[in-house]
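These are my notebook entries on one protein chain. I set down what I looked up, one topic at a time.

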Amino acid sequence: MILGATGRRRFLGLAAGAAAALTACGPGRTATGGSGGAAAPSPAPSATAAENAKPGNADWAITNAGPAAAIEGWADRVSVLPGEQVGLHVSTTAPGFTVTAYRMGWYGGARARQVWKSERLPGSKQQPFSVEQPTRTVITAWPRTTAVDTTGWPEGCYLLRLDADGGAGQRYVPLTVRSRGTAGTTVLVNAVSTWQAYNEWGGYNLYNGPSGGLPTRSLQVSFDRPYQYDDGAGLFLVYEAPLVALAEKLGIPLSYTTGIDVAADPNLLCGAKAVLSPGHDEYWSPEQRAHFTAARDAGSHLAILGANCCFRRVRYEPSPTGPDRTVVCWKGAWKDDPGYQAGHPATTDFRSPPGADPESSLLGVIYDGYPVDAPYVVTEPGHWLFAGTGAKAGDSFPHLVGVEYDRVNPSFPTPQGIEVLSHSPVVCDGRHSFADTALYTAGGGALVFATGTMRWVESLEATGPAGGSAIHGIDGKAGAFTRQVTENLLRRFAQ
């Protein structure tokens, strides 16, 4: 299906910036797109393949988290360049602990490689957190426990595992060892702002406070605290690690960064073959959106491998440990935000006034609702994205659409000639709608792909029968389908 152009919850633009980035990135490249045809051939082996040929360490996973306060910590930078130092701020009830750095990837299926391990370090219990008013921001004033030197560490996504003495407990601290440049690569962008938005460590996040609802939520959240979910890993293991593993398995040239780094550097995405947004990437600054848009206009393909992407407009402010350490999002209370009163854009939804700019003008799709659980229905099986899947028109994959979904909605700004490849009926709070997988070609030749479902990256892990321990009930048939489609996409984008 091709359309013409026309003008939450608890769970688990700048034009000048865009113009500067576009000028720096140069003219657009011609992209390979359109319906029909076979999947793209595999690109030449890359440095990623050499890294993944090294032996992995299957024992990276936490097996003994221990009590809540046994050990936990945070890094004072969300990302570093190789060779830079990062400070760890650790609290533990044990007398000592070690830090082991695991680079997350493929490694023959082991999914991680140990690149460094500390000597035993002395441990201590840090002071309780405080809640800063009136923004209800959870703050820890923990001093730096140790500095970690990343010299010799390859670029990539890392989990630093904290192991307390005597098996008292374990926790992760995520870190991105980012790439200096992205030219000629597919860029994996860690959605750290969204991790932090949902982080309820200390009892507050951008959705909930002690009352369990919006009235007592934080209005801004700080990276100066541990992550509560997944033993300190935040949302990385659910919404990003499966994509990292698949991309590295393919051996295509990759680079690594975070949304905060994209926002800070208008030249970072220059020359990138493709840019990947992972399974849940909701919170963007205007600068990040401008730089994504400039990359698209200069010919870089974009893949939105989740749903509810680029929905909330945020601002970054410093914390005591450095710049861009606080995510500000006042949402419906934007008029009371001192930053807005000082002239910054309102930190509310991109589609909402003032300065409404619906995300569909970039993504092609637009967020349509929560929660849903529905089958994914293929409507254009002859498209090159579905090559090798064996899918036929009307084939469906139970539970693959959820828990949030996007659709092509001509009531919002929609790119010309957008192709709808799946059109899945959903019912959201009694309202009938559709979730859409869509693809369009931008004016500079870049392809922009969106899955329309938040469960896409999670489903890459699905291998067994439905039910039981299966992810949301998603079975191996659906997992094989999304893995093949994603492989077709990444190979074509990496050409």
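**Entry 1. The largest pocket.**
I began with the open space, keeping in mind that the model is predicted. The largest pocket holds about 240 Å³ of space. I then listed its lining, which comes to 13 residues; Arg77, Val78, Ser79, Pro323 and Asp324 lie nearest the centre. Which element gives the most to this lining? I noted β21, with 4 residues. Both α6 and β21, the latter spanning 322-328, supply at least two residues each. By character, I sorted the lining into 4 nonpolar, 3 polar and 6 charged residues.

**Entry 2. Isoleucine 260.**
Since α6 supplies at least two residues of the pocket lining, I looked at one residue of this helix. Isoleucine 260 sits in α6, which covers residues 259-264. Is isoleucine 260 buried or exposed? I recorded a relative accessible area of 5%; the cut-off for buried is under 20%, so isoleucine 260 counts as buried. Leaving out residues up to four places away in sequence, I found that isoleucine 260 touches Val78, Val192, Ser193, Phe223, Tyr316 and Asp324. Two of these contacts, Val78 and Asp324, are also among the lining residues nearest the centre of the largest pocket. For the pair isoleucine 260 and aspartate 324, I noted a C-alpha to C-alpha distance of 7.4 Å across a sequence separation of 64 residues.

**Entry 3. The largest cavity.**
I turned next to enclosed space. The largest cavity contains about 130 Å³. I counted 14 residues in its lining, with Ala75, Val78, Pro174, Phe223 and Tyr227 nearest the centre. Elements giving two or more residues to this lining are β2 (71-75), β12 (170-177) and α3 (192-198). The lining divides into 9 nonpolar, 2 polar and 3 charged residues. I marked Val78 again here: Val78 is listed nearest the centre of the cavity and nearest the centre of the largest pocket. Phe223, also listed for the cavity, is one of the contacts of isoleucine 260.

**Entry 4. The second largest cavity.**
The second largest cavity has a volume of about 50 Å³. I wrote down its lining as Cys157, Leu188, Val189, Asn190, Glu240, Leu243, Val244, Leu276, Ser277 and Pro278. Which element contributes the most? I found that β13 does, with 3 residues. At least two lining residues come from each of β13 (186-190), α5 and β16 (274-277). I classed the lining as 7 nonpolar, 2 polar and 1 charged.

**Entry 5. Helix α5.**
I followed α5 from that cavity. The helix runs over residues 241-250 and is mostly covered, with 9 of its 10 residues buried. The buried set is Ala241, Pro242, Leu243, Val244, Ala245, Leu246, Ala247, Glu248 and Leu250. Of these, I note that Leu243 and Val244 line the second largest cavity. Just after the helix, glycine 251 adopts a positive phi of about 75°.

**Entry 6. Nonpolar cores.**
I looked up the largest nonpolar core and found 81 residues, with Phe236, Tyr376 and Phe481 having the most contacts inside it. Helix α11 (residues 476-494) gives the most to this core, with 7 residues. Apart from it lies another core, of 27 residues, including Val365, Val420, Tyr440 and Ala442. I then took the contacts of phenylalanine 236, again leaving out residues up to four places away: Met104, Cys157, Leu159, Asn190, Trp195, Ala241 and Val244. Cys157, Asn190 and Val244 in that list also line the second largest cavity.

**Entry 7. Glycine 394.**
For contrast with the interior, I chose a loop residue. Glycine 394 lies in the loop between β22 (366-377) and β23 (396-407). Its relative accessibility is 48%, so I entered glycine 394 as partly exposed. Beyond four places in sequence, glycine 394 touches Val377 and Val378. I also took the C-alpha separation of glycine 394 and glutamate 282, which is 30 Å, with their positions 112 residues apart along the chain.

**Entry 8. The whole chain.**
I closed with the overall figures. The chain has 11 helices and 26 strands. I entered a radius of gyration of 22 Å, close to the 23 Å that the globule rule gives for 495 residues, so the chain is as compact as a globular protein of that length. Along the principal axes, the C-alpha atoms fill a box of roughly 60 × 55 × 50 Å. Of the 495 residues, 60% are buried.

Terms used. Residues numbered from 1 in each chain as written. Predicted model: local features only at pLDDT ≥ 70, side-chain atom pairs only at ≥ 80, totals over all residues. Heavy atoms only, no water. Buried < 20%, exposed > 50% of the residue type's maximum accessible area, 1.4 Å probe, protein only. Contact = heavy atoms within 4.5 Å. Core = buried A, V, L, I, M, F, W, Y, C linked by side-chain atoms within 4.5 Å. 1 Å grid on protein atoms, 1.4 Å probe; cavity = no way out; pocket = protein on both sides within 12 Å on 5 of 7 lines; lining within 4 Å. Points joined across faces, edges and corners; volume = space filled by probe spheres on them. Nonpolar A, V, L, I, M, F, W, Y, C, P; charged D, E, K, R; others polar. Rg over C-alpha atoms; globule rule 2.2 N^0.38 Å.
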